[in-house]
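Here are some short exercises to work through with the structure open beside you. Try each task before you read its solution.

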Amino acid sequence: MNYYSLEGNAPPVSFKEAVINGIAPDKGLYFPESINPLPTGFFNELTTLSKNEIAFQLIQPFVGSSIPQETLENIINETLDFEFPLIPLTDRISSLELYHGPTLAFKDVGARFMARCLGYFAALDSKKKEITVLVATSGDTGGAVANGFLGVEGVTVVILYPSGKVSEIQEKQLTTLGKNITALEVDGTFDNCQNMVKNAFVDPEITTKRTLTSANSINVARWLPQSFYYLFALQQLKERSNPPVFSVPSGNFGNICAGMVAYKLGMPVTHFVASVNSNAVVPDYLKTGSYAPQQSIATISNAMDVGDPSNFVRIQKLFENDFGKLSQMLTSYSFSDTETRAAIEELYERFNYLADPHGAVGYLGLQKYLSAHPNAQGIFLETAHPIKFLDTVEAVIDKKVTIPNAIEELIQKKKKSVAIKNYSEFKAFMLHS
Ligand SMILES: *Cc1c(COP(=O)(O)O)cnc(C)c1O
């Protein structure tokens, strides 16, 4: 399978090159040259397959000859060694919990899959040149990437995070691993971190010294494996004769876009709902037909505080840039923090179910869609463990939440970071460490 740039000014590349490059030389996102439906038999027999078999069938065509079958099977086994339970709340609403991975975020799957692909490619390189993964994080991405790449040979990871602006758990997830992972604690904001990363990619002194790649959801190896979730949900659904509506709490729209790839592969699904917080670029677009990026607004579901979702161009491409076709499959609703807190409370009171703010936004979107479509059933994706948003959740339900042992242990660990004030200090680190 080859990938081409959505900007249209770069040569097509293999899966391997797309993963190593991250973004095309013309700054476009890579997109698969074809998405061919899987046999309908595959979707009918989901319950007879293991989750590793499902994942392999789904991803193999996208990987093509870049990774041999046995290696790809091993990568999938290692990536998916935790559960993805579907929890029914009513006869029409279920929660798909994607937070049972090592950093309690749904980003674990993409990060682990990408790390293992890159590790395999690094080992093939006869010159054994180290690859440096450079990533800026506002919280969740950093932990998942750090954990996913820990101990991967031939790959060094440098994570920039804004000092004092990530939660204690998130900071410990970044700064306590050591080995091939270094955390740079930047005196500034997430945008400052992001800018340093962008500058490094076009700084010839750095790029001649190091082979750089990024690990955000633009990378095809982080984006595509997210399509697994939707089939894991279907596999567990009791009433499969009525294809579900998926409500996906969305920020950069990578996760929902992967769900739509599964739809293009033939997965039975009735509709997608992109549930967003006050960052309402996509709902506005679906109302007006004009796409107007905004400055991001801070909310309690902060992993979705995105004013210009980077994967939206991929969604448009999946529907041949046809607004009418897209609108038939996608609805998007925006919810305020007040509504989100009320949803956390409602889920707790009515179902004794503890949701995090992102999952709560997903629940709201599903509820709204179902109330207008009385025959539909649906699944909302719960993307983070509520413990990661302890302050918000405890304040809403007015109770203490028990902290899992693994998190207690993590909090006891000693933080190790390198303080960075500005670009020149960052550059010195990249050149001399
Ligand atoms: C990253 C993230 C999202 C948004 O996912 P996108 O693929 O960027 O739309 C939602 N919830 C949580 C908890 C996240 O970390």
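**Exercise 1: the packing of a helix**

Task: Find which helices the buried residues of α4 pack against, and work out why these residues line one face of the helix.

Solution: Begin with the partners: the buried residues of α4 pack against α3 (51-63) and α5 (107-124). Keep in mind that this is a predicted model. Next, pick out the residues themselves. Helix α4 covers residues 69-79, and Leu-72, Ile-75, Ile-76 and Thr-79 are buried there. Now look down the axis of α4: its buried residues fall within an arc of 95°, so they line one face of the helix.

**Exercise 2: a phenylalanine and a serine**

Task: Decide whether Phe-121 is buried or exposed, then do likewise for Ser-66.

Solution: Start by placing Phe-121, which is in helix α5. Buried means under 20% relative accessible area. Phe-121 has a relative accessible area of 2%, so this residue is buried. Leaving aside neighbours within four places in sequence, its contacts are Phe-15, Lys-16, Val-19, Ile-20, Ser-66 and Ile-67.

That list leads to Ser-66, in the loop between α3 and α4. With a relative accessible area of 13%, Ser-66 is buried too. Not counting residues up to four places away in sequence, Ser-66 touches Ser-14, Phe-15, Lys-16, Tyr-120 and Phe-121. To finish, check Lys-16: the side chain of Ser-66 reaches the backbone nitrogen of Lys-16 at 3.1 Å.

For a distance check, go from Phe-121 to Ile-169. They are 48 residues apart in sequence, and their C-alpha atoms are 32 Å apart in space.

**Exercise 3: two basic side chains**

Task: Say whether Arg-112 is buried or exposed and whether Lys-400 is buried or exposed, and find a polar partner for Arg-112 and for Lys-400.

Solution: Take Arg-112 to begin with; this residue lies in helix α5. Its relative accessibility is 8%, so Arg-112 counts as buried. A polar atom of its side chain lies 2.8 Å from the backbone oxygen of Glu-78. Beyond its neighbours within four places in sequence, Arg-112 is in contact with residues including Thr-79, Asp-81, Phe-82 and Asn-147. Thr-79 is also among the buried residues of α4.

Now turn to Lys-400, in the loop between α18 (390-397) and α19 (405-412). Exposed means over 50% relative accessible area. The value for Lys-400 is 74%, so this residue is exposed. Its side chain shares a polar contact of 3.4 Å with the side chain of Glu-394. As for Phe-389, 11 residues separate it from Lys-400 in sequence, and the two are 12 Å apart from C-alpha to C-alpha.

**Exercise 4: around the ligand**

Task: Which residues come nearest to the ligand, and how much of the ligand does the protein bury?

Solution: First, survey the surroundings. There are 15 residues around the ligand, and Lys-107, Gly-251, Asn-252, Phe-253 and Thr-383 come nearest. Sorted by class, the shell has six nonpolar, seven polar and two charged residues.

Second, go through the polar atoms. A polar backbone atom of Gly-251 is 2.8 Å from an oxygen atom of the ligand. For Gly-254, a backbone N or O atom lies 3.2 Å from an oxygen atom of the ligand. At Thr-383 the side chain takes part: one of its N or O atoms is 2.8 Å from a nitrogen atom of the ligand.

Third, consider the area: the ligand taken alone exposes 380 Å², and the protein buries 97% of that.

Terms used. Residues are numbered from 1 along each chain as its sequence is written. This is a predicted model: local features need pLDDT of at least 70, side-chain atom pairs count only at pLDDT 80 or more; totals for chains, interfaces and linings use all residues. Side-chain values use heavy atoms; hydrogens and water are left out. Buried means under 20% relative accessible area, exposed over 50%, partly exposed in between (1.4 Å probe, protein chains only). Helices (H or I, at least four residues) and strands (E, at least two) are DSSP runs, numbered from the N terminus. The arc is that of the directions from the helix axis to the C-beta atoms. Contact means heavy atoms within 4.5 Å. A residue is near a molecule or strand if one of its heavy atoms lies within 4 Å of it. A polar contact is a pair of N or O atoms within 3.5 Å; within protein, one must be able to donate a hydrogen and the other to accept it, and residues adjacent in sequence count only if both atoms are side-chain atoms. Accessible areas come from the Shrake-Rupley method with a 1.4 Å probe; for residues, only the protein chains shown count as cover. Ala, Val, Leu, Ile, Met, Phe, Trp, Tyr, Cys and Pro count as nonpolar, Asp, Glu, Lys and Arg as charged, and the others, Gly among them, as polar.
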